[in-house]
Amino acid sequence: MQHNKPSPTLADWLALAPFGLTLSSGFFGFFAHAGVVHALEERQLRPARISGSSAGALIGASWAAGLTPSAISERLLGIRKQDFWDPFPGPGLIRGRRFERLLDEWLPVRTFADCRIPLAVSVYDVIGRRTRVVDSGPLSRAIRASCAVPLMFHPVWMRGRPYLDGGVLDRPGLVGMTADRVLYHHLSSRSPWRAADGAQTVIPERPGLLALTFDDLPRVGPDALDQGVEAYHVALNLTREALDQPAPAHVLRLSA
């Protein structure tokens with residue numbers, strides 16, 4: 001009697017060979033990314049390289065720098081608006097210096113070179129009008145730049161040039177990913193400023209990339225940080241479920 005061999009699960013696919021993890025930009029999507037990272041760590045599925053933009057850069061850097069998922073969630077769930085909110089006149093609502101001080105306290109290392117997992121984050125070069133990948137130098141400043149949402153944050157100056165949120169042109173955070181096999185966590189955009197089928201909202205395709213996305217996650221913002229707790233736990237549980245499902249050809253989409 002012939003028996004059909006079970007399809008490999010997503011966890012099987014990740015364990016098969018080294019893989020990269022890419023975490024997308026998404027307004028206050030830190031909490032959902034943290035849930036994904038937690039589920040991967042539970043299964044001892046650690047990436048060989050991490051890349052990301054904005055919210056993805058923050059959580060990717062936290063894991064790459066050596067924080068455990070429990071430490072990441074503890075920091076996130078304890079954050080308050082006043083911890084990063086520093087309004088100041090200029091090309092944005094808040095200056096961002098308080099956010100950078102928070103990152104200095106948050107991250108256990110100071111430079112990209114000190115990270116235990118190779119890391120690359122995308123930032124937007126305001127003068128050059130292009131994406132630039134940062135993978136060396138001071139860590140906190142680069143993460144602050146990658147998270148500097150236009151009109152919300154002032155631009156961040158690095159090496160004599162102003163930079164903004166990496167999601168401006170590289171919402172997926174994939175420009176700095178060099179691995180052949182990639183798990184990509186895509187945060188669905190709900191911004192009214194983005195077209196539903198725009199290039200920045202479509203899940204990218206490339207050889208060796210498997211995408212994971214969750215619909216209807218709780219919406220988190222500066223004045224709705226309490227929703228982050230639920231977003232974190234929903235993403236954690238959905239990722240646990242996803243890891244035991246057959247590896248997708250391209251996208252695995254689950255609903256909260």
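Strands β4 and β5 make a hairpin, with four residues sitting between them. This is a predicted model, so keep that in mind as you look around. The two strands cover residues 119-125 (β4) and 130-134 (β5), and they pair in the antiparallel sense over five bridges. If you'd like one pair to look for, take S122, whose bridge partner in β5 is V133. In the turn you'll find R129, which has a positive phi of about 55°.

Why is a positive phi worth a look? Most residues other than glycine have a negative phi. Q44 and S54 belong in this part of the story too:

| Residue | Phi | Loop | Relative accessibility |
|---|---|---|---|
| Q44 | about 55° | between α2 and β2 (49-53) | 72%, exposed |
| S54 | about 55° | between β2 and α3 (55-64) | 7%, buried |

Q44 counts as exposed because its relative accessibility of 72% is over the 50% cut-off. S54 counts as buried because its 7% is under 20%.

Now for the helices. How do α2 and α4 cross? The axes of α2 (residues 30-42) and α4 (residues 69-77) come within 9 Å and cross at roughly 160°. That angle is over 145°, so α2 is roughly antiparallel to α4. The crossing is left-handed.

Which residues of α2 and α4 meet? From α2 come F30, F31, A34, V37, H38 and E41, while α4 brings P69, I72, L76 and L77. Sorted by class, this contact has eight nonpolar residues, one polar and one charged.

Key:
Residues numbered from 1 in each chain as written. Predicted model: local features only at pLDDT ≥ 70, side-chain atom pairs only at ≥ 80, totals over all residues. Heavy atoms only, no water. Pairing = 2+ DSSP bridges. Axes fitted to C-alpha atoms, helices over the stretch in contact; angles between N-to-C directions. Parallel < 35°, antiparallel > 145°, perpendicular 65-115°, else oblique. Left-handed = near helix turned anticlockwise from the far one by under 90°. Contact = heavy atoms within 4.5 Å. Nonpolar A, V, L, I, M, F, W, Y, C, P; charged D, E, K, R; others polar. Buried < 20%, exposed > 50% of the residue type's maximum accessible area, 1.4 Å probe, protein only.
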